[in-house]
Amino acid sequence: QVQLVESGGGLVQAGGSLRLSCAASGRTFSLYNMGWFRQASGEDREFVAAISRSGDRTDYADSVKGRFTISRDNTKNTVYLQMNSLKPEDTAVYYCAADRDYRLGSLPRSYDYWGQGTQVTVSS
C-alpha cells in the first residue's frame with residue numbers, strides 16, 4: 001500500500017506564497033496520477049489540482065487557476081503544490097492523493113490513497 005505524507009503547511013498572510021510537498025513511499029510512484037484536494041471547516045472536500053504520471057498533463061480548479069502550480073519529481077517520489085497570491089478563502093486542510101487510473105480525476109472517489117493532510121491558514 002502507498003503511504004503519502006504531506007508537509008509545508010502553515011500560516012501565511014494574504015498575498016503570500018506557500019509550497020506543499022507530498023512524499024510517497026513505494027517503488028511505483030510513477031504509475032500514479034497525483035492530486036491535491038482541500039477541505040475547509042464544515043465544507044465538503046474539493047478538488048484543487050491533478051497531474052499525470054509523467055507530468056505532461058495537469059488540471060486545476062477554476063478557483064486556483066493562475067495562482068497554484070502542481071508538479072512532480074518522480075526521481076524523488078514527490079509531488080508539489082506551489083501556491084501563490086494566497087487568499088483567506090484558500091484556508092483549509094490540504095490532502096495529497098494517488099490514483100491508479102489512466103484518466104486524471106477531479107472526484108475524491110477516483111483516488112486510491114490519501115495523505116493525512118496539512119493545515120494551510122491564510123490571514124487577511
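1. A term to have in hand before anything else: a residue is called buried when its relative accessible area is under 20%, exposed when that value is over 50%, and partly exposed in between. Take Lys-65 as a test case: its relative accessibility is 48%, so Lys-65 counts as partly exposed. Please keep in mind that what you are looking at is a predicted model.

2. Staying with Lys-65, its side chain meets that of Asp-62 in a salt bridge, with 3.1 Å from N to O. Asp-62 comes out at 65% relative accessibility, over the 50% mark, and therefore counts as exposed. So this pair joins a partly exposed lysine to an exposed aspartate.

3. How many salt bridges does the structure hold? There are 4. As background, side chains of opposite charge can pair when their charged atoms come close. Besides the Lys-65 and Asp-62 pair, have a look at the network that links Arg-38, Glu-46, Arg-67 and Asp-90.

4. Arg-38 is a good place to enter that network. One of its partners is Glu-46, with the closest N and O atoms 2.7 Å apart. Another is Asp-90, where the closest N and O atoms are 2.9 Å apart. Arg-38 sits in strand 4 (residues 33-39) while Asp-90 belongs to the loop between strand 8 and strand 9, so their contact ties together parts that are 52 residues apart in sequence.

5. Are these partners buried or exposed? Arg-38 has a relative accessible area of 5%, so it is buried. Asp-90 is buried too, at 0%. Glu-46, on the other hand, has 37% relative accessibility and counts as partly exposed. In other words, the bridge between Arg-38 and Asp-90 has a buried residue at either end, whereas the bridge to Glu-46 runs from a buried arginine to a partly exposed glutamate.

6. Now for the sheet. Four strands make up an open sheet in the order 1-3-8-7, and the pairing is antiparallel. Its edges are strand 1 (4-7) and strand 7, each of which pairs on one side only. From one strand to the next, the twist averages 15°. In general, strands of a sheet pair through backbone hydrogen bonds, either parallel or antiparallel.

7. At the strand 1 edge, 4 bridges join that strand to strand 3 (residues 18-24), and the two run antiparallel. If you want a residue pair to click on, try Glu-6, whose bridge partner in strand 3 is Cys-22.

8. At the other edge, strand 7 and strand 8 pair in the antiparallel sense over 6 bridges. Asp-73 stands opposite Thr-78 in strand 8. Strand 7 also shows a neat alternation of side chains: Phe-68, Ile-70 and Arg-72 point to one face and are buried, while Thr-69, Ser-71 and Asp-73 point to the other face and are not buried.

9. Check the turn between those two strands as well. The hairpin of strand 7 and strand 8 has 4 residues between the strands, and Asn-77 takes a positive phi near 55° there. Asn-77 is not a glycine, and it lies in the loop between strand 7 (68-73) and strand 8 (78-83). Its relative accessibility is 18%, which is under the 20% limit, so Asn-77 counts as buried.

10. Where does Ser-85 lie? You will find Ser-85 in the loop between strand 8 and strand 9 (92-99). Ser-85 has a positive phi of about 50° although it is not a glycine. With 42% relative accessibility, Ser-85 counts as partly exposed.

11. A search of the whole structure turns up 1 cavity of 30 Å³ or more, and its volume is about 40 Å³. Which residues line it? They are Val-2, Leu-4, Ala-24, Ser-25, Thr-28, Phe-29, Tyr-32, Met-34 and Ala-98. That lining divides into 7 nonpolar residues, 2 polar and no charged.

12. One last spot to visit is Leu-107, in the loop between strand 9 and strand 10 (113-114). Its relative accessible area is 38%, so Leu-107 is partly exposed. The C-alpha atoms of Leu-107 and Arg-45 are separated by 9.2 Å, with the two residues 62 apart along the chain.

Notes:
Residues are numbered from 1 along each chain as its sequence is written. This is a predicted model: local features need pLDDT of at least 70, side-chain atom pairs count only at pLDDT 80 or more; totals for chains, interfaces and linings use all residues. Side-chain values use heavy atoms; hydrogens and water are left out. Buried means under 20% relative accessible area, exposed over 50%, partly exposed in between (1.4 Å probe, protein chains only). Two strands pair if DSSP finds at least two bridges between them. Axes are lines fitted to C-alpha atoms, for helices over the stretch in contact, and angles run from 0 to 180 degrees between N-to-C directions. On a 1 Å grid over the protein atoms alone, a cavity is a set of points where a 1.4 Å probe fits but cannot get out, and a pocket is an open set with protein on both sides within 12 Å along at least five of seven lines; lining residues have an atom within 4 Å of a point. Grid points are joined across faces, edges and corners, and a volume is the space filled by probe spheres set on the points. Ala, Val, Leu, Ile, Met, Phe, Trp, Tyr, Cys and Pro count as nonpolar, Asp, Glu, Lys and Arg as charged, and the others, Gly among them, as polar.
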